[in-house]
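Welcome! Please take a moment to look over the sequence and the structure below, and then read on for a short guided tour.

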Amino acid sequence: MTRSEAVRRAAGPAEQQDQVRRARVQGSQVALLAFLTLGALAIVIPFAWMILTAFKTPAEAYTWPPVWLPAKWSLANFEQLFATIPFGKMFFNSFWTSVLVASLNIFSAAPAAYAFARLRFPGQGLWFGSHLLSLMIPWQVTIIPVFLLIRALGWYDSYTALIVPSIASGFTVFLLFQFFRSLPRSLEESVLIDGGSWFTALRHVALPAAKGAIAAAWLFSFLGNWQSFIWPLIVLQSSDKMLLPVGLLSLQNQYSVNIPVLMAGATLSTLPTVIAYLFVQRYLTDAAITSGMKG
Amino acid sequence: MQLSPPALSRPGRKSRSSPMRRQEAALAALLILPSTLGIVVFAVLPIAASLGISLTDWGGLSRPNFVGVQNYASALQDPRATSALSHTLLYVLLAVPTGVAVSMTLAVWINNLKAGWLQTMFRTIYYLPMVTIGVAVALLWQVLLAPQGLVNLILGWLGVHGPNWLGSPSWVLPAVAIFSVWQGSGQGIILFLAALANVPKDLYEAAQLDGATPWQAFRSITLPMVSPTIFLVLVLSMIGALQVFEAVLVLSNGGPGDSSTTVALYIYKTAFTFFKMGYASALAWLLAVILIALMALQWRTQNKWVNYDQV
């Protein structure tokens, strides 16, 4: 008889039951961890494969059975990537347009969201409804008239075509509307009672309180623009104006390009946001939850 | 999801003088002007314009002629349109239930972990594909799904001879669905996790005291409590899947042949490769009608199985 068995025998039935339950909970935790790790590998291994392939020679990338590690870690694929498309330029284009559009979204959406959440004015339901409508209508419906409008204005293949239609964002308005509505009224009301205007209440009470929500909305909007594909695909033509997603797609159509070069491009365009995400993930998760609620 | 209209009437404000009311309205007009202008010009008016264009034969360059509902009539007879629709529906059938089941299962598992840092770690990992550029990860999956790619290597370990995923008419849509589940489960997971965090813990304690097994607790507590979220994720995934575009464009460009040409891809090609703007607009409206009908149908049937008491 081992010591632990002796202890168990000596213990009362209640304690014994408790021990059994604790062992079962521990066992189920291990099982959960095993399943979740398997799932996590399904996410991580493809990314690892992408990075590893970016360093392989074409021969290594096309061999069967596949090899995991390159024999020699060389940057040749990255050099070929930069020689084939203006990758740095495309990256920079994507970056500054995303920063600009995200900021314009906040500047247009924050005041509107506040007005919809707090003020009373004629046409309120109609204009708020228009914002919701813009969220719900599928892009296939609006993209053709907007494209024809852009072309008629002579904006085709310019950043104006990219930026101007994106200034107003129904989603950002909705996100900040939800936030302002959840804000307690008491602070703003004390400003009003003291004779301040709604504008003072907005500037000195509501906006400072909304810093976190605005940061989340900005990040979410930045990410959306960083990822946006179809509108840049349609309105931007010249390769030095292209944004990263369409630029990557154009890489696929080059004769000289092989799998390792494609993976070098995929790696360089994936890693920055993935790394940034690890630092700001809490903000983004909050916005992502609300983005689901918008339905 | 639950959206009450903005506060239109508030008690205790009646006594305020009308100059102040006017001042409030003027300020509001100023505050909403930039955003509303953008929304009206680039969303509301285009919706109306699209309806108009769909009644013409506009090629984008020539003068449009009014043709009535002819575009809608020919869409219903167009074999490429109907086959695009059936590809889309098959894709929805493959991707949506799998995606909802996978994200729900993973979220329940994460929620049952005791260690908070492990919860955060797994949630973060599963959300990673959501923050990448879609084209980049689609190109990655093109490599993984190649006949001699990683997916078939792993299937080979399990004794399965993997197909030529993207090169075979019958495997290309399942392949796109696998990619989409991989890419999109993170969104469902965080929505389910948010819902699971709101389930009162004492319900589980009470069930445990009553001798319920974990499975019984899941069926009689978790499932009814998160059913509004199941419904939400289902609707969101269906809306997304019915419009699948980027994934098929990059992974297979609608091929081989037309076997993975979805409705959204067909609309895109009709409008921007063949410049049939009138016909493409009609197709877009037919898709929009299907989307709206599905949403309405789900709203009507949800009361039978969704428990909204606790939200």
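**Where the two chains meet**

The contact takes 78 residues from chain A and 74 residues from chain B, where two residues are in contact if their C-beta atoms, placed from the backbone, lie within 7 Å. This is a predicted model, in which local features need pLDDT of at least 70 and side-chain atom pairs count only at pLDDT 80 or more, while totals for chains, interfaces and linings use all residues. Residues are numbered from 1 along each chain as its sequence is written, and chains are lettered from A in the order in which they are written.

**The chain B side**
- Helix α1 (residues 18–53) of chain B gives the largest share of the side that touches chain A, 21 residues; helices are DSSP runs of H or I with at least four residues, numbered from the N terminus.
- Leaving aside neighbours within four places in sequence, Leu140(B) is in contact with Pro46(A), Met50(A), Met263(A) and Ala266(A).

**A bent helix**
- Helix α9 (residues 214–242) of chain B has 29 residues, but its end C-alpha atoms are only 36 Å apart, short of the 42 Å of a straight helix at 1.5 Å a residue (the expected span is 1.5 Å times one less than the number of residues).
- α9(B) bends by about 55 degrees at Ser227(B), with the proline Pro228(B) following within four residues; the bend is the angle between axes fitted to the seven residues ending there and the seven starting there.

**Domains of chain A**
- The domain assignment, automatic or from a database, gives domain 1 (3–54) and domain 2 (84–293) of chain A.
- The C-alpha centres of domain 1 and domain 2 of chain A lie 42 Å apart.
- Their contact takes four residues from domain 1 of chain A and six residues from domain 2 of chain A.

Key:
Helix = DSSP H or I, 4+ residues; strand = E, 2+ residues; numbered from the N terminus.
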